[in-house]
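Here are a few notes to help you find your way around this one. Keep the viewer open as you read, and go point by point.

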Amino acid sequence: MAFSGLLREEDITAALQACQAAGSFDHKAFFAQVGLASDSAVAAEKAFRILDRDQSGFIEEEELKLFLQNFKADARVLTDAETKAFLAAADLDSDGKIGAQGLKFPRAPRAPMGPRHHRFP
């Protein structure tokens, strides 16, 4: 599917299995499980282009319902409640759609660094 080759197939399979039941989808957990837990702007941009199926510059509610199918064609459609929760979390200006700046992945845990180390973007 759209994310094949970008993510590990076994991670995608495990993440889809974890949210197979209607009502069990949690976008933060899903992103972490498939390996999209990152603060990488490049990863967010690539994912946004894939999820914005009509290339309108926004991810609308109907595209969001089909979110899991971007990972596997026969994956289930998100329920209305799951879609609305996902949309509410990422719709920064409450216009009913997600702009590129709204798609953020939870950060992966980082090891503590000593005072002499710096992390550069």
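The points below start with the whole chain and then go through two annotated loops, a pocket and one histidine.

1. **What you're looking at.** Before anything else, bear in mind that this is a predicted model. The chain has 121 residues, and 35% of them are buried. Its secondary structure amounts to 5 helices and 2 strands. Walk along the sequence and you'll meet them in the pattern α-α-α-β-α-α-β.

2. **How the chain comes together.** Take the contacts with a separation of 6 or more: 58% of them are between residues 24 or more positions apart. Gly57 and Ala100 give you a concrete pair to click on, since they sit 43 residues apart along the chain while their C-alpha atoms are separated by 7.2 Å.

3. **The loop before S1.** Gly57 is in the loop between helix H3 (41–51) and strand S1 (58–60). Is Gly57 buried, partly exposed or exposed? With a relative accessible area of 34%, it falls between the 20% and 50% limits, so it counts as partly exposed. Beyond its neighbours up to four places away in sequence, Gly57 touches Phe48, Asp52, Ile98, Gly99 and Ala100. Gln55 belongs to the loop between H3 and S1 too. Its backbone is worth a look: phi of Gln55 is near 55 degrees, a positive value in a residue other than glycine. Gln55 is exposed, at 51% relative accessible area.

4. **The first set of annotated residues.** An unreviewed UniProt entry gives "binding site" for Asp52, Asp54, Ser56, Phe58 and Glu63. Phe58 is in strand S1 and, at 30% relative accessibility, is partly exposed. Setting aside residues within four places in sequence, Phe58 has contacts with Phe48, Asp52, Glu63, Asp95, Lys97, Ile98 and Gly99. Two of those partners, Asp95 and Lys97, turn up again in the UniProt annotation discussed in point 6.

5. **Glu63.** This one is in helix H4 (residues 61–65). Why does Glu63 count as buried? Its relative accessible area is 9%, and buried means under 20%, so Glu63 qualifies. Its side chain reaches the backbone nitrogen of Glu60 at 2.9 Å. Leaving out neighbours within four places in sequence, Glu63 is in contact with Leu51, Asp52, Arg53, Asp54 and Phe58. Asp52, Asp54 and Phe58 are also covered by the annotation in point 4.

6. **The second set of annotated residues.** UniProt, again in an unreviewed entry, lists Asp91, Asp93, Asp95 and Lys97 under "binding site". Asp91 sits in the loop between helix H5 (80–90) and strand S2 (97–99), and Asp93 is found in the loop between H5 and S2 as well. Asp91 has 10% relative accessibility, under the 20% limit, so it counts as buried. Not counting neighbours within four places in sequence, Asp91 is in contact with Gly96, Lys97 and Ile98.

7. **Asp91 and Ser94.** Which backbone nitrogen does the side chain of Asp91 reach? That of Ser94, at 3.1 Å. Ser94 is placed in the loop between H5 and S2 and is exposed, with a relative accessible area of 65%. As for its backbone, phi of Ser94 is near 55 degrees, a positive value in a residue other than glycine. Compare it in the viewer with Gln55 from point 3, where phi is also near 55 degrees.

8. **The largest pocket.** How much space lies in the largest pocket? About 210 Å³. Its lining is made up of Thr13, Leu16, Gln17, Cys19, Gln20, Leu68, Lys72, Asp74, Ala75 and Arg76. By type, that lining divides into 4 nonpolar, 3 polar and 3 charged residues.

9. **One last stop, His27.** His27 lies in helix H2 (residues 27–34). Is His27 buried or exposed? Its relative accessible area of 17% is under 20%, so His27 is buried. Apart from neighbours within four places in sequence, His27 is in contact with Phe86 and Ala89. Both numbers fall in the range 80–90 given for helix H5.

Terms used. Residues numbered from 1 in each chain as written. Predicted model: local features only at pLDDT ≥ 70, side-chain atom pairs only at ≥ 80, totals over all residues. Heavy atoms only, no water. Helix = DSSP H or I, 4+ residues; strand = E, 2+ residues; numbered from the N terminus. Buried < 20%, exposed > 50% of the residue type's maximum accessible area, 1.4 Å probe, protein only. Contact = heavy atoms within 4.5 Å. 1 Å grid on protein atoms, 1.4 Å probe; cavity = no way out; pocket = protein on both sides within 12 Å on 5 of 7 lines; lining within 4 Å. Points joined across faces, edges and corners; volume = space filled by probe spheres on them. Nonpolar A, V, L, I, M, F, W, Y, C, P; charged D, E, K, R; others polar. UniProt positions renumbered as here; feature names shortened; annotations may be inferred. Polar contact = N/O pair within 3.5 Å; in protein donor to acceptor, adjacent residues only side chain to side chain.
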